[in-house]
Amino acid sequence: AKKKKAADDDEAPPAQPVGCDAYTAPAAAKTFDLAFSSYSVGPGTSYVKQVFTWPEAAGTTSDIVRFDVINEHPDVVHHMLIYKCAQDVSAEFASPIESANMACTEPIMAWAVGGKPFCTPPGIAFKLTPDDACTTDCPWILLEIHYDNPSNAEGIVDSSGMRITYALDEAGAAATVQTCADAKDAGLCTHANAEVASQASQVLREQDLARLVLQEVHASGMPD
């Protein structure tokens, strides 16, 4: 009995839930689907974009706390990116269109095959305060999907995208996105916090990734 008790005492405490396992939706949470409007997927590889207008009133701050993937065709959907736009590009991207034009370049979220839902830690959110004059943010959000259809299958009509969960004017810190490229350049990741930049660059070197989008949220334990 004493041996059993000693073994029980040595057992590690259960792991604390993290990410979406520890997520609790805000009391007044809303959702907004960024999803293509019935795009006919072509053969081979294609990069398709569509722009959306954020649904809330101008000047209202939306705190984005969760991203869920809507993947209608896992056999051809390879990865997705969501960007904030610095100008109105709705004339070009009102409906899904294959384009090499990087009209919007500030990433909010990235997903690739094998990825799971992304939830911010409590008290952290991606903040969006749009108005038509783009005083703080512009109201236009662009979704890009990379399709990989090596078998050249026909008749695939896709409306994949992401479901965004958000609340209005919640208190809390702002999450940011850090983009790093070319893993062989040690100093390519930059950030106001030198420790954040150093750790991001180290991840790139260790993994030998050509490009990586890191979600850097201030709950990581590293102060501003």
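**View 1. The largest nonpolar core of this predicted model, centred on its best-connected members.** This core holds 29 residues, and W54, F67, I82 and Y147 are the ones touching the most other members. Several strands chip in with two or more residues apiece: β1 (30-35), β3 (44-53), β4 (62-70), β5 (77-84), β7 (106-112), β9 (124-128), β10 (140-149) and β12 (161-168). The top contributor is β10, which supplies 4 residues. As background, nonpolar side chains in soluble globular proteins tend to be buried together.

**View 2. A closer look at F67 and its contacts.** Skip the neighbours within four places in sequence, and F67 is still in contact with I82, I108, M109, P117, F118, F126, M162, R163 and I164. I82 also shares with F67 a spot among the residues that touch the most other members of the largest core.

**View 3. The second core.** Separate from the largest one, this core has 11 residues, including L81, Y83, C85 and F93.

**View 4. P122 out in a loop.** Look for P122 between β8 (118-119) and β9. Is P122 buried or exposed? P122 counts as exposed because its relative accessibility is 75%, and the cut-off for exposed is over 50%. Y23 sits 99 residues away from P122 in sequence, yet their C-alpha atoms are 7.6 Å apart in space.

**View 5. Zooming back out to the whole protein.** The fold has 3 helices and 15 strands. Of its 224 residues, 40% count as buried. Among contacts with a separation of 6 or more, 80% link residues 24 or more positions apart. The accessible surface is about 12200 Å², with 53% of that belonging to carbon and sulfur atoms.

Note on methods. Residues are numbered from 1 along each chain as its sequence is written. This is a predicted model: local features need pLDDT of at least 70, side-chain atom pairs count only at pLDDT 80 or more; totals for chains, interfaces and linings use all residues. Side-chain values use heavy atoms; hydrogens and water are left out. Buried means under 20% relative accessible area, exposed over 50%, partly exposed in between (1.4 Å probe, protein chains only). Contact means heavy atoms within 4.5 Å. Accessible areas come from the Shrake-Rupley method with a 1.4 Å probe; for residues, only the protein chains shown count as cover. A nonpolar core is a set of buried Ala, Val, Leu, Ile, Met, Phe, Trp, Tyr and Cys residues joined through side-chain atoms within 4.5 Å.
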